[in-house]
Amino acid sequence: MKINRRRFILTGAVVGGGVLIGYSATRPSRHRRANSDLVQGQERYITSFIKIEPNNAITIYVPHSEMGQGIHTALSMMAADELDANWEEVNIEQAPAIDLFANGDLVKGFAGEFGVPNFLMGLVGASAFAVAEIGNLQITGGSSSVRYTGEYGMRTAGAAARELLMETAAVRWGVPVSELTTELSHVHHNASGRSYSYGQLAAQAAVMEPPENPTLKDRSEFKIMGKAISRNDIPPKVDGSAFYGLDAHSDDMLYAAIQMAPVFGTKLVSVDAREARAQRGVKKIVQLEDSVAVVADSYWRAKEALKLVKAEFSSSEYDSVSSADIAARFDRELAASNGSKDKEVGDAEAAMESAADIIEGNYRVPYLAHAPMEPMNCTVHIQGDKADLWTSTQDALGIKGRVAKIAGLGEDDVTFHQTYCGGGFGRRLPFNWNMIDHATLIAKQFDVPVKTIFSREDDMQQDYYRPAVSSNFKAAFDANNNVLAWHNRFTGPIQVPGASHIPYAIENQSIRVVDGDTHVPIAAWRSVDHSQQTFFTESFMDEIAHRAGRNPYQFRMDMLQEHPRHRKVLEVAAEAAGYGRNLPEGHALGIAVQESFGSIVAEVAEVSMDANNKPVVHKVTCAIDCGWAVNPDTVEQQVESGIIFGLTAAMYGEIKIENGRVANGNFPDYEMVRLATTPDIDVHIVESGHELGGLGEPATPPIAAAVTNAIYILTGQRVRELPLSKHDFSRSTPVAQV
Amino acid sequence: MATFKVNGVEHTLDIEPEMPLLWAIRDELGMTGTKFGCGIASCGACTVHVDGRAVRSCVTPVSAIEGANITTIEGLAVAAAGTNPAPPNLSAVQQAWIDHQVPQCGYCQSGMIMAASALLATNPNPSDAEIDAGITNVCRCGSYPRVRKAIRSLATA
């Protein structure tokens with residue numbers, strides 16, 4: 001991707017005694033506003049992202065949500081390193097949710113042809129309205145923050161600020177810039193032994209002409225990037241002081257518990273709330289189009305009273321739909337339709353006809369919930385034509401606009417209060433707004449803050465789900481067991497283009513998508529389409545290897561001659577996992593590789609079957625090529641996290657649709673990997689030096705196939721449907737490892 | 001009326017005896033370090049200490065803890081030190097959580113730390129199997145490998 005840096009480096013405009021100069025992800029006019037709105041006293045905003053005060057304190061504003069991925073720290077490291085700042089004196093703050101800190105235009109840097117980032121395509125379609133909205137969002141998703149905001153925004157901002165400070169010092173001292181050096185937030189003129197702190201230069205630097213194209217450091221010059229630096233958000237997360245959306249509190253606060261229409265798309269018909277209204281602490285019963293809420297002076301009282309509400313909802317054509325019906329519909333669709341083109345290379349149909357042998361494999365995966373640990377919640381306080389808003393979100397600016405719209409207020413009249421995000425995984429992305437809308441409509445009926453909380457059951461049953469997908473494969477072989485063709489038909493929609501594409505050298509490929517829309521609402525879920533497609537393609541690739549009588553690792557390596565980065569991560573992971581060496585009795589290794597969000601990840605799972613014929617994952621060895629590592633410790637952490645998230649889905653994850661609604665309730669119905677079932681995880685970062693890749697998502701896709709490929713060796717049973725908890729492995733016939 | 005001590009301070013609240021301790025702590029006392037995760041004692045995000053034992057407060061009615069000493073994450077460092085600890089006011093478990101960079105989103109970590117602290121208080125040198133049995137909390141971000149490392153680092157043997 002090419003971004004013209006010059007377009008984003010802003011020249012200063014003096015307003016109210018200050019000037020902004022630096023890198024912007026948004027329109028320059030907004031920075032003039034930043035100057036007048038935000039600059040106080042002696043402070044100067046050198047850029048949108050960096051503030052330097054006279055006492056040399058440096059504050060870096062990060063326009064992304066912190067949900068545990070360490071983004072506040074990583075992005076600040078990128079700016080601070082280019083600035084040559086003293087890291088010990090750097091303050092990190094989340095940028096306010098005001099439009100001058102929108103990152104949407106930068107997110108557009110990796111947008112698809114309609115100007116919408118790929119990971120949001122499935123949500124917004126391509127309506128002009130949605131496209132226009134993207135620029136006004138403050139999105140954290142698509143494993144994009146370090147790759148885009150960091151690489152293009154933060155580093156340029158830091159480098160531009162540093163050059164300005166040096167230029168300012170050069171003018172004051174009357175020496176050429178080339179004689180100056182910077183270190184630990186100071187500019188030095190070594191020849192004369194003179195120094196200025198950045199704080200002494202900031203006010204004057206702010207009115208200098210900014211550099212057109214500041215020089216970024218070579219990796220060999222990094223002093224902060226590349227180091228395992230402790231995250232700034234961890235200390236408040238160990239003493240209970242970290243503030244999440246759910247933690248908004250005031251003495252006059254009211255709480256809402258809500259009963260939503262159980263079948264998606266149905267409406268509230270009637271309510272009998274006489275008994276509920278009489279309960280202690282209950283203030284009001286609020287009826288909305290598709291729900292009924294009890295508002296009380298404590299959440300528990302609201303929730304208890306809600307149990308006494310008798311609500312009736314409209315019927316719909318989906319009232320009897322089950323998961324089995326949806327799967328059968330997908331099968332019919334796959335049988336009846338050739339779908340639309342995803343990728344066509346060569347002539348797969350002709351190759352099938354001339355094949356000596358053909359193998360087939362039909363796969364499917366269920367809907368999944370995001371289930372972040374912090375249940376969905378939203379607190380809104382409307383006072384006249386102003387409102388305050390607290391909610392954990394992956395898009396502070398977008399959600400502020402949404403609340404303003406629902407409340408009938410101007411965007412600038414809503415104040416968003418920053419919070420940490422108790423998990424997101426896609427649930428808190430823009431357009432997944434159901435409970436935000438409800439919370440706003442409920443709060444409109446009060447002049448005190450109202451906190452609406454989804455219970456865990458509400459959260460499970462009113463999510464926007466990872467789509468269920470069915471995917472049918474055929475592969476053709478010639479008489480010498482060479483693969484002639486890859487033939488794949490799967491149910492859509494495609495949310496992330498390319499997830500179903502394989503890197504392997506197969507001459508004829510036909511990959512097509514058929515309609516997979518249902519009444520179940522869907523959204524991006526950690527790694528989006530890669531979570532399903534990698535299970536499918538890397539499992540079927542394994543089937544092909546075994547059918548060809550080849551070792552699955554060596555077979556992949558041979559088919560990846562054009563992909564040296566894939567080969568490298570496979571090699572590193574296989575070597576570290578002890579691939580080809582003796583394993584403990586009854587253990588086997590399964591392998592899978594996938595490129596997603598700019599990173600390439602290979603995972604090897606070491607698995608055995610326990611006394612009850614249930615799979616046990618002992619160890620996962622992972623090699624990731626993410627270009628290079630800004631903060632190696634958070635890279636490892638995100639890989640551990642992504643693997644466990646994917647393993648939970650593979651082992652247990654299934655949202656069941658019964659009678660048109662989600663049948664799962666709380667965690668026992670949607671089990672998670674816990675400490676006892678967590679494998680050892682061994683992470684190897686392969687620094688190829690390529691462009692930065694994403695980290696939040698790429699470790700999730702390969703794990704399911706890595707585990708099931710090992711199970712095939714252990715049992716002879718090819719797992720073509722997840723989760724594993726559905727399978728009975730009691731009649732197993734191990735396969736000889738080749 | 002319900003009377004109990006939270007982090008050494010006695011509270012008498014005019015609340016229903018069946019109100020879960022979690023909501024008494026969060027909504028009545030306004031102390032938000034203890035988290036709501038599932039409401040059915042499955043995930044452990046709401047774990048507090050009742051007279052030193054780890055208890056899932058979301059299913060513990062206040063009637064069951066009448067007169068008890070409750071410790072929440074906010075009071076853990078003081079409870080562990082037996083007095084006001086020196087800055088940065090952290091217990092050994094909390095410090096190990098920083099040293100091993102355990103939390104991610106952090107939402108489950110109050111409960112995780114309370115569970116680990118109670119485990120180590122009764123079993124200062126737990127085996128891996130004992131750690132597995134003692135820490136059954138859910139962490140959706142998958143901080144488990146680091147939870148285990150941090151607990152192992154605190155084991156006395």
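This short talk covers two places in a predicted model: the contact between the two domains of chain B, and the surroundings of A:Arg567 in chain A.

Let me begin with chain B, where the domain assignment gives domain 1, residues 2-75, and domain 2, residues 83-154. If you take the C-alpha centre of domain 1 of chain B and that of domain 2 of chain B, you find that they lie 20 Å apart. The contact between these domains draws on 15 residues from domain 1 of chain B and on twelve residues from domain 2 of chain B.

Which strands of chain B each supply at least two residues of the side of domain 1 that touches domain 2? They are strand S3, residues 47-50, and strand S4, residues 53-56, and the largest share of that side, three residues, comes from S3(B). By residue type, the side of domain 1 of chain B that touches domain 2 of chain B divides into six nonpolar, seven polar and two charged residues.

Now let us turn to chain A, where A:Arg567 sits in helix H19, which runs over residues 564-577. Is A:Arg567 buried or exposed? It counts as buried, because it has 20 C-beta neighbours inside 10 Å, and 20 or more is what the word buried requires here.

Once we leave aside the neighbours within four places in sequence, A:Arg567 is in contact with A:Met557 and A:Leu560. As for A:Gln554, this residue is 13 residues away from A:Arg567 in sequence, and the distance between the two in space, C-alpha to C-alpha, is 9.9 Å.

Key
Residues are numbered from 1 along each chain as its sequence is written. Chains are lettered from A and ligands numbered from 1 in the order in which they are written. This is a predicted model: local features need pLDDT of at least 70, side-chain atom pairs count only at pLDDT 80 or more; totals for chains, interfaces and linings use all residues. Domain bounds come from an automatic or database domain assignment. Two residues are in contact if their C-beta atoms, placed from the backbone, lie within 7 Å. Helices (H or I, at least four residues) and strands (E, at least two) are DSSP runs, numbered from the N terminus. Ala, Val, Leu, Ile, Met, Phe, Trp, Tyr, Cys and Pro count as nonpolar, Asp, Glu, Lys and Arg as charged, and the others, Gly among them, as polar. A residue is buried if 20 or more other C-beta atoms lie within 10 Å of its own, exposed if 12 or fewer, and partly exposed in between; C-beta atoms are placed from the backbone.
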